[in-house]
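The following note sets out several points for a colleague who wishes to examine the structure shown here. Please read each point alongside the coordinates.

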Amino acid sequence: MSAPERVAASLQRIFVYGTLKRGLSNAHYLNGQTFVGTARTLPKYRMVNAGGYPGLYEVPEEEGGLRVHGEVWEVDAICRKELDLLEDVAVGLYELVPVDLEEPFASGQVFTYLYRWSIMGRDDAGDDWRES
């Protein structure tokens with residue numbers, strides 16, 4: 001495998017829906033990465049306010065999910081490790097999993113950080129996270 005092929009193989013597409021979006025407080029974590037485009041999930045997710053940041057979680061079909069707005073970024077392995085630290089993956093706050101998006105990202109392999117702690121008592125955060 002050539003050097004450019006190794007680099008391409010180490011890139012991963014990540015759907016961000018909260019503070020990592022352009023113009024928000026943690027967008028700097030994506031500096032130097034490639035913005036691919038805006039996106040929306042299929043209507044099988046919801047967001048809660050987890051204390052100044054959103055937590056995306058999957059809901060059963062009968063509970064009525066939303067089309068959550070976000071962005072798709074192509075990130076390298078170094079950035080991915082930094083995002084895992086930010087999202088507290090090691091302690092189980094978030095988990096990086098495949099996400100179901102609308103076209104043009106429906107057929108591609110895109111991942112997102114799903115919130116894994118309790119949503120009990122958390123306020124609903126709608127479908128488009130904004131910071132005040």
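The numbered points below concern one loop residue, one strand and one helix.

1. The model under discussion is predicted. The points should be read with that origin in mind.

2. Thr41 is located in the loop that lies between β2 (34-40) and β3 (45-49). Is Thr41 buried or exposed? Its relative accessible area is 0%, and buried here means under 20%, so Thr41 counts as buried.

3. The side chain of Thr41 takes part in polar contacts with backbone atoms. One partner is the backbone oxygen of Leu66, reached at 3.3 Å; another is the backbone nitrogen of Val68, reached at 2.9 Å.

4. With neighbours within four places in sequence set aside, the residues in contact with Thr41 are Phe15, Leu66, Arg67, Val68, Val99, Asp100, Leu101 and Glu102. Leu66 and Val68 thus appear both in this list and as the backbone partners of the Thr41 side chain.

5. Strand β7 (residues 110-115) is mostly covered, with six of its six residues buried. In a regular strand, side chains alternate between the two faces of the sheet. In β7, Val110, Thr112 and Leu114 point one way, whereas Phe111, Tyr113 and Tyr115 point the other way, and all are buried.

6. Which strands are joined to β7 by bridges? Strand β1 (residues 12-16) runs parallel to β7 and is joined to it by three bridges; Arg13 has Val110 as its bridge partner in β7. Strand β6 (residues 94-98) runs antiparallel to β7, and five bridges join the two. Here Tyr94 has Tyr115 as its bridge partner in β7.

7. Helix α2 (residues 77-86) has Cys79, Leu83 and Asp84 as buried residues. They cover an arc of only 145° around the axis, and therefore lie on the same side of α2. The cover over the buried residues of α2 includes β5 (69-75) and β7. Strand β7, itself mostly covered, is thus part of what covers the helix residues.

8. On the face of α2 turned away from its buried side are the exposed residues Ile78, Lys81 and Leu85. The reviewer may wish to view this face together with the buried residues Cys79, Leu83 and Asp84.

9. How is the N-terminal end of α2 capped? Asp76 provides the cap, with a side-chain oxygen 3.2 Å from the backbone nitrogen of Ile78. Ile78 is also one of the exposed residues of the helix. After α2 comes Asp88, which has a positive phi near 50°.

Definitions and conventions
Residues numbered from 1 in each chain as written. Predicted model: local features only at pLDDT ≥ 70, side-chain atom pairs only at ≥ 80, totals over all residues. Heavy atoms only, no water. Helix = DSSP H or I, 4+ residues; strand = E, 2+ residues; numbered from the N terminus. Buried < 20%, exposed > 50% of the residue type's maximum accessible area, 1.4 Å probe, protein only. Polar contact = N/O pair within 3.5 Å; in protein donor to acceptor, adjacent residues only side chain to side chain. Contact = heavy atoms within 4.5 Å. Pairing = 2+ DSSP bridges. Arc of directions from axis to C-beta.
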